[in-house]
Amino acid sequence: MAIGSGLGAQLGIAAEVTYGTYVAPTRFLEFTKESLALKKTTAQSAGIAANRLLALSSRRVLTRKEAQGSIEMEITNKGMGPLLQCLMGTTVTPVQGGATAAYTQTHTLASVAGKSLTIQKGVPLTSGTVTKKNFLGCKVTAGEFSCEVGGMLTGSFEIDGRDVEETSALAAASYSNMAPFHFGQMALKTGTYSTETALDGIRKVSCKIERPQDVERFYANQAALKKEPIENDLVKITGTLESDYVATTLDDLHTSDGATSLVWEFIGPVIATTYFETFRVTLPAIRLDEGPPVVDGYGVLKPSFNYVGLYDGTNNPKIEYISTDVTL
């Protein structure tokens, strides 16, 4: 029996072979908050019958089903691959570093067609019995990462799902010995792509990657369920760089509307030889929209620059993840 509160909850995921078809969870996420829920559309008959004062229960029908919500977590040194793949789109096979236990995943921005997850949520009753909800056809429509002074690297993933079923068995949760990435491991670099250099004064960084999709593909012959969402707009990459005003590097880029490559990385403990636990976001071209410094008191100036990620014409954004995960 589990603990009869949120302490007994679990969240398992697995990549689907076919959109909306259940796959038993193979990885279990350590999460801080989730809001996954069935969303249903119903219709109530309004037929008039002599002297009937209340609508008939038997004349209410379920006309549409889907699932929506989000998952919030600390980004750890293991187990992030399936979510990153569904966010970025590239089909990834981890590449072994030499003959070591280190494996590199390179998630380059690509179409997310065919990338979906089964997400199983275990929700405990106060008795300790864990109920199950299996979310099928889960597409990642956005992912946001953030880290500030003294904090962990956190992630939030927005989910759109096709259906929820409660038949498939609750998987037994198991967890690797995970460790979170954090501010003490954080570096931010800017400059020419592939030769970026460290930028001083950075106190907080965020990056949001949005994957717009048509999630309204409800048709006849689909039993009130949607078909797989299709991308219907350009990818949107935005974020914020919060800093102390130690140099004019960002200010000058804002003034000139110049572009710079941005590398935001977390380097953890060594896995073997030259391979370290790593989470790295590379944006080959960003431009700053807002954030020139202003004086609003006696303290150190702390400008906050908002940026947008763009295509440099050659290189696509990517997330590199080095861990001991042999597979996603």
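A nonpolar core here is a set of buried Ala, Val, Leu, Ile, Met, Phe, Trp, Tyr and Cys residues joined through side-chain atoms within 4.5 Å. Keep in mind that you're looking at a predicted model.

**First stop: the core.** Select Ile119, Phe145, Trp264 and Phe279: of the 50 residues in the largest nonpolar core, these touch the most other members. Now stay on Phe279 and bring up what surrounds it. Beyond its neighbours within four places in sequence, Phe279 is in contact with residues including Ile75, Leu84, Phe145, Leu153 and Phe181. Trp264 is on that contact list too, along with Glu265, Phe266, Ile319, Glu320 and Tyr321.

**Next: strand E1.** Select residues 10–15. Five of the six residues in this strand are buried, so to speak of E1 as mostly covered is fair. Add strand E8 (residues 117–124): E1 and E8 run antiparallel, joined by six bridges. Click Ile13 and you'll find Ile119 of E8 as its bridge partner; Ile119 is also one of the core residues from the first stop. Then show E2 (residues 27–28), which pairs with E1 in the antiparallel sense over two bridges. There, Phe28 stands opposite Gly12.

**Last stop: helix H2.** Select residues 249–256 and colour Leu250, Asp251 and Leu253, which are buried. Look down the axis of H2: the buried residues fall within an arc of 160°, so they line one face of the helix. Swing round to the other side for Thr255 and Ser256, both exposed. To see what covers the buried residues, show strands including E14 (202–210), E17 (236–243), E18 (260–272), E19 (275–290) and E20 (304–310). Finish on Asp257, just after H2, with its positive phi of about 55°.

Technical notes: Residues numbered from 1 in each chain as written. Predicted model: local features only at pLDDT ≥ 70, side-chain atom pairs only at ≥ 80, totals over all residues. Heavy atoms only, no water. Buried < 20%, exposed > 50% of the residue type's maximum accessible area, 1.4 Å probe, protein only. Contact = heavy atoms within 4.5 Å. Helix = DSSP H or I, 4+ residues; strand = E, 2+ residues; numbered from the N terminus. Arc of directions from axis to C-beta. Pairing = 2+ DSSP bridges.
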